[in-house]
Amino acid sequence: MSKVTVIRPCKSCLFRCLQGGHSPFTRYGCRASRRLRQPWNRVADSKCQGQQSEQQKPSQMKRNSQPTPQQEAGQPKRTAGPKRPSHYTGHQKQRRSNWDQVKQTGEYIKVHKKQLLESVRGPQPDLALQSFYRDMSSLCARPDAFIGPSHLNAIIGSTAKAWAPAWARLDQQKQQQARHEMHAFLTKMWQQLQPLLPDVGEWAAANLLWSSAKLGVDPDALVPGMTGSLAHQFMADMDAAAGQGFANVLVACAKLQLSPCHGGLLKAILNRLATADMSTFEPQSVANILHSLATIPAVAPSVAVLDVLCQRFGVLLKSRQAVELPTAQNIANTVWALSKLKHAPSDELAMSMVGRMVALCHVPRQQPTPQAISNVLLACAELGLPVKQADTDGLASFLLSLGRQHMNRQHCTNTAWRLAVLGHLRQAQLELLLDKICALSVRHREQSGPSLLNEADLRQLYQALDWLQPPQNARTQQQGKAWLNLKGRLGSLGTRPDPAEPHPRAQLVRLALTQLSLRFKATPAISGYRTAAVLEPTGDEAPIVVSLESKIYLNNKRSRLIGSEGFRQRLLRRKGKLVLITPPRARAGVQEVAEYLKPMLTATARGSLDAYRIQCKHISAVHG
């Protein structure tokens, strides 16, 4: 075993190595000294070279004095030669010049973009847009300008970001003129991009489609075939696409309603999402993807795709980094999309999302909007999520604490109905919500009409009131008085809306009940819940409520009804014994329906329908 010279490291090397968590000593001394042993680095560090031991072992001196194999072969010792041949110099200079032009053009567009975004918020946004169009058109028309797909992407993206604030500050006449000018400018840009399409990557294609959606203009309407070409470029390199790229393309498909989204674009995206690595997907991307899938009518995402997206969102909720945690708007968009898609997340994820929303209510500048709270409660109600009473109470309390300038009456009516569907509504909460509605309606007092609320809002409030009505047999005098007081307050806001049109097969069910000689009410007091009839007993028996069944289940949980249907059935069970029947077929006869109803009603009446039969043979009442 040969001996090794131990070199003492200098102070700078010692400090650097200890700071990096490594030992400064190696088999050949300190790291800097080891580097100096290489012949091409001998003059690199004077400090470590000065620390090197001047006394070397004889064996090392002998080894250093031995000739190299190249010297033995008669070849000259390698020395620093001249630079590369001159024929490389021209290409390098040209490439460097092109790169400088690309950077200068990008900086030029960036400066004008900043000026545009500041100017469109001023008194003359139309002039700011015209100036930007003129400058960018001049830039693209210059013969010496190097314009690539990234530059055109930046120009169109800048126009998209400035369009909304400019549009909001223009009057109707100037809006039409601004739209015409924008279409003319975009046509030039798309024509400039057309020969460069083979160089457009997935990132630029996704951004260009998103910009078109923000502007509300289908590229095909200006340059035929452009949308299909951008979709093809995105699909060609879709494996390298990030979450934001998928989100941008789906947002464009949703807003522009591209049908059939240019071939297999949507199908390819859904297949890719089912197997994609989502470890880099941000919460905003996941929320946008789900929101877009819920708003595209031509798409039906599989349960596997939605499960993968939900799993990624659950991982982000558990992240320890504040940047990866979803915002209140991300959560609201995600749960709203899942409710529209009829896809229930796992119970753990549902409780985590609602818990995160409640926590954000107490964080300044991250608090949810009233619409976000309304969307979360809607999803919890429609999907039947097992959320905690304390969490829904927290969201309702925060909503009630907001001022009149942040919310409207619809937020209150939606909250009351959704809490009732969840079974979490209390009388005190409904009283506070009615107070809020009255306070928000002060500015509408002078409006003509007997009602302060529209029909949909009143229907929701009356259904919430029905949920709070105590049972007849378990009602105390104080409870009954409080409920009647609440009913009177609601009546001052508007009368109960008329029930919706009955099911077209409901009349056939009533004719079958008449043939069975059963006493029933064709227009029962239970209005608005799609009941066909209510059988009334003569003794102490409970009424039998006959209702047409509505089988609307969740896509990933076929045994769970959607929240509104489950709420309707729970309310009807409070009114009596509920019998759900399948709507008769179109050509069914009365006798056929009567034979279908008789065993079901007999089983519900515990074996005998005598208490529900008509006692008098000649009766003048008209049923149906």
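In which sense do strand 1 and strand 2 pair, and over how many bridges? That is where we start our look at this predicted model.

**View A. Strand 1 (residues 520-521) meets strand 2 (residues 531-535) in the sheet.** The two strands pair in the antiparallel sense, and they do it over two bridges. To find one of the pairings for yourself, look for K521: its bridge partner in strand 2 is V534. While you're there, check how well strand 2 is covered: five of its five residues are buried.

**View B. Strand 2 sits next to strand 3 (residues 544-548).** These two run antiparallel and are joined by four bridges. V534 turns up again here, with V545 as its bridge partner in strand 3.

**View C. Strand 3 is joined to strand 4, and they run parallel.** Count the bridges between them and you should get five. One spot to look at is I544, which stands opposite K577 in strand 4.

**View D. Put the strands together and you get an open sheet of four, in the order 1-2-3-4.** The pairing in this sheet is mixed. Why does one side of strand 1 and of strand 4 (577-581) lack a neighbour in the sheet? Both stand at the edges and have a single partner strand each, so one side is left free of a sheet neighbour. Helix 25 (residues 506-515) packs on the sheet, touching strand 1, strand 2, strand 3 and strand 4. The direction of helix 25 makes about 20° with that of strand 2.

**View E. Helix 13 (residues 243-256) crosses helix 14 (residues 265-275).** Their axes come within 12 Å and cross at roughly 145°. The crossing is left-handed. On the helix 13 side, the contact is made by F246, V249, L250 and C253, while helix 14 brings L265, L266, I269, R272 and L273. Sort those residues by class and you get eight nonpolar, no polar and one charged.

**View F. W190 and F234 belong to the largest nonpolar core, which has 139 residues.** Of its members, these two touch the most others. Helix 19 (residues 370-383) gives this core its largest share, nine residues. Now zoom in on W190: setting aside neighbours within four places in sequence, its contacts are I156, L208, S212, P219, L222, V223, M226 and L230.

**View G. There's also a second, separate core, with 25 residues.** Among them are L518, A533, L609 and Y612.

Note on methods: Residues are numbered from 1 along each chain as its sequence is written. This is a predicted model: local features need pLDDT of at least 70, side-chain atom pairs count only at pLDDT 80 or more; totals for chains, interfaces and linings use all residues. Side-chain values use heavy atoms; hydrogens and water are left out. Axes are lines fitted to C-alpha atoms, for helices over the stretch in contact, and angles run from 0 to 180 degrees between N-to-C directions. A crossing is left-handed if the near helix is turned anticlockwise from the far one by less than a right angle, and right-handed if clockwise. Contact means heavy atoms within 4.5 Å. Ala, Val, Leu, Ile, Met, Phe, Trp, Tyr, Cys and Pro count as nonpolar, Asp, Glu, Lys and Arg as charged, and the others, Gly among them, as polar. Buried means under 20% relative accessible area, exposed over 50%, partly exposed in between (1.4 Å probe, protein chains only). Two strands pair if DSSP finds at least two bridges between them. A nonpolar core is a set of buried Ala, Val, Leu, Ile, Met, Phe, Trp, Tyr and Cys residues joined through side-chain atoms within 4.5 Å.
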